[in-house]
Every structure is written in C-alpha cells, then in structure tokens.
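Biologist: I am new to this structure and would like a close look at a single part of it. Could you take one strand and tell me what surrounds it, and then follow the chain out to what packs against it?

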Amino acid sequence: MVQALQNAKVVVTGAGGGIGASLARRFAAQGSKVVVNDLDADRARAVAEEIGGIAVPGDACAVVAEARDALGGTVDVYCANAGVGRDGGEPGGELDEQGWALSWDVNVMAHVRAAHALLPDWLERGSGRFVSTVSAAGLLTMIGTAPYSVTKHGAYAFAEWLSLTYRHRGVKVHAICPQGVRTDMLDASGSAGDLVLKPTAIEPDEVADALFRGIEEDRFLILPHPEVAEYYQARAADPDRWLNGMNRLQQHWETSR
C-alpha cells in the first residue's frame, strides 16, 4: 500500500476501459476515492460500480469542476489518461485538420485545462499529483500517424514543464510512456500498430503496476517497457542514425501493406 494514496481523492479520465480502468481499480484498492470519467457513460458507470467509485461521464477536456464537486471539493490526484489515436491511413496520408484539432484538444489541451483548474488549490496547500498517460511515441515517435506522435510529444513536454516548474511547491508529476498496450486504441491503430506495437504489447494492469512503482520511488518518467530508455538514449545520441532506422521501419511498413 502507498500510504500517501490512502483516502486520496482521485480522478481518472478515459477510465471506462483499458489503462484508465486499470488505474481506477488500483487507486481504489489503495483506499482512494475515485471518480471514473469516460465519454461512454455506461462504461464509466460499470467501472465505478465495480470499484465503489463515482461515475462522472463526459468530455475529459472539461471534467475537473464536476469531478471536484463529486469528491467534496478536493482533488488530490488527477490522471489525465483519456487520449485519441487513429490509423493515419495509407502511407503518405494524414488525418485532416479536424483530426489534428481533436488530437490537440484531447491529447494536450485537456491536460493543460485540467492543470489550470487544479493548480491554484494544489499550490495553496502545497500538494497535488498529476499523472499524464503519454506514450513512448511522446519520447520517440510512431510511424503512420503524425497527429498522435506530435501531440504525444506535446503531452510529454507539458508534463515535464509542470514538474520542473512546481515540484518545489509540492506538486508531483508522473509521465507514463508505454509502447503497445492491449486496449481498444491498439486495436484501432491499424497496420502500423500491428507491425510496431502488438509484438511486445502488455496488459493494462502492467501499466498500473509500473505507475505505482514509480509513485513509491517518486519518479517522473514511468516506462512500462524498460527498453524505451535505451531507444530514447540512442535517439538523443545520434539523431540521424535513429531516423535512418525509423525510415527503414517506415519502408518495411509501406511494402508490407
């Protein structure tokens, strides 16, 4: 048990299934009071009923006020887990501007809006915890979908900025960066996901395990796939070599479709 999470008031967005549901279950098992948020109201209510939590269905981009009210006026932990990621289509094709806008709104701006709503209280009392479900794509990249890769870089950068700006004032931040996870999002990632992510995909509960180890060790960067650290180092050490390798992967994807 993580003592700091006993009786904590927690919000998990995108918690109707996948990683979000696993996080909600794990926080509830720690003795936290959990708000389960999801666009799918039925799924949110099902998870909330299972864990003895509170369902607050709706758009993760505007959930803080209602979730805080449901928790009696205080949020101790906010898990910005909701995200969108779609197959970019044929090689060379990208989502239209509407798809880009949705990706920015959910993958980045939902985090910004939540932090904006939460920080005044957290800074006043000197404590708060922001958990950002990013992706290894936020450290590296992902072939086949520019909006997902670019906005996940943005989500990671924002989490990093929150941590370096407010850690001395009691705000703890964790960025979770897994590769493939066996969720509906992985199933919707198309042939690029099949090639790159599915072979080493893990279960959502393994992501929750990694987060709680990171919380106990007070670590910012959470890597459920430890090998991502080596890839990240290689990318930084020799960007051209790394890009050449990724381009070979891109070519393999194009010829295998």
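Modeller: What follows looks at one strand, then at a helix that packs against it, and lastly at a residue in the loop after that helix. The model is predicted, so local features need pLDDT of at least 70 and side-chain atom pairs count only at pLDDT 80 or more, while totals for chains, interfaces and linings use all residues. Residues are numbered from 1 along each chain as its sequence is written, and side-chain values use heavy atoms, with hydrogens and water left out.

The strand is β5, residues 128-133; helices (H or I, at least four residues) and strands (E, at least two) are DSSP runs, numbered from the N terminus. Six of its six residues are buried, so β5 is largely enclosed by the rest of the structure, where buried means under 20% relative accessible area, exposed over 50% and partly exposed in between, with a 1.4 Å probe and protein chains only. This holds for both faces, with G128, F130 and S132 on one side and R129, V131 and T133 on the other.

Strands count as paired if DSSP finds at least two bridges between them. β5 pairs in the parallel sense with β4, residues 77-80, over four bridges, and R129 of β5 is the bridge partner of V77. Six bridges join β5 to β6, residues 171-176, again in parallel, and here T133 has I176 as its bridge partner. Together with helix α5, residues 146-166, β5 and β6 make a right-handed β-α-β unit, meaning that, with the strands pointing away from the viewer, the path from the first strand over the helix to the second runs clockwise.

Helix α1, residues 18-29, has 12 residues and reaches 17 Å from its first C-alpha to its last, close to the 16 Å expected, a span taken as 1.5 Å times one less than the number of residues. Its buried residues, among them I19, L23 and F27, pack against β5 as well as β1, β2, α2, β4 and α8.

After α1 comes G31, whose phi is positive, near 95°, and S32 lies in the loop between α1 and β2. At 9% relative accessibility, S32 counts as buried. Not counting residues up to four places away in sequence, S32 touches L5, N7, A8, V10 and F27, contact meaning heavy atoms within 4.5 Å. The side chain of S32 also reaches the backbone oxygen of L5 at 2.6 Å.

Technical notes
Polar contact = N/O pair within 3.5 Å; in protein donor to acceptor, adjacent residues only side chain to side chain.
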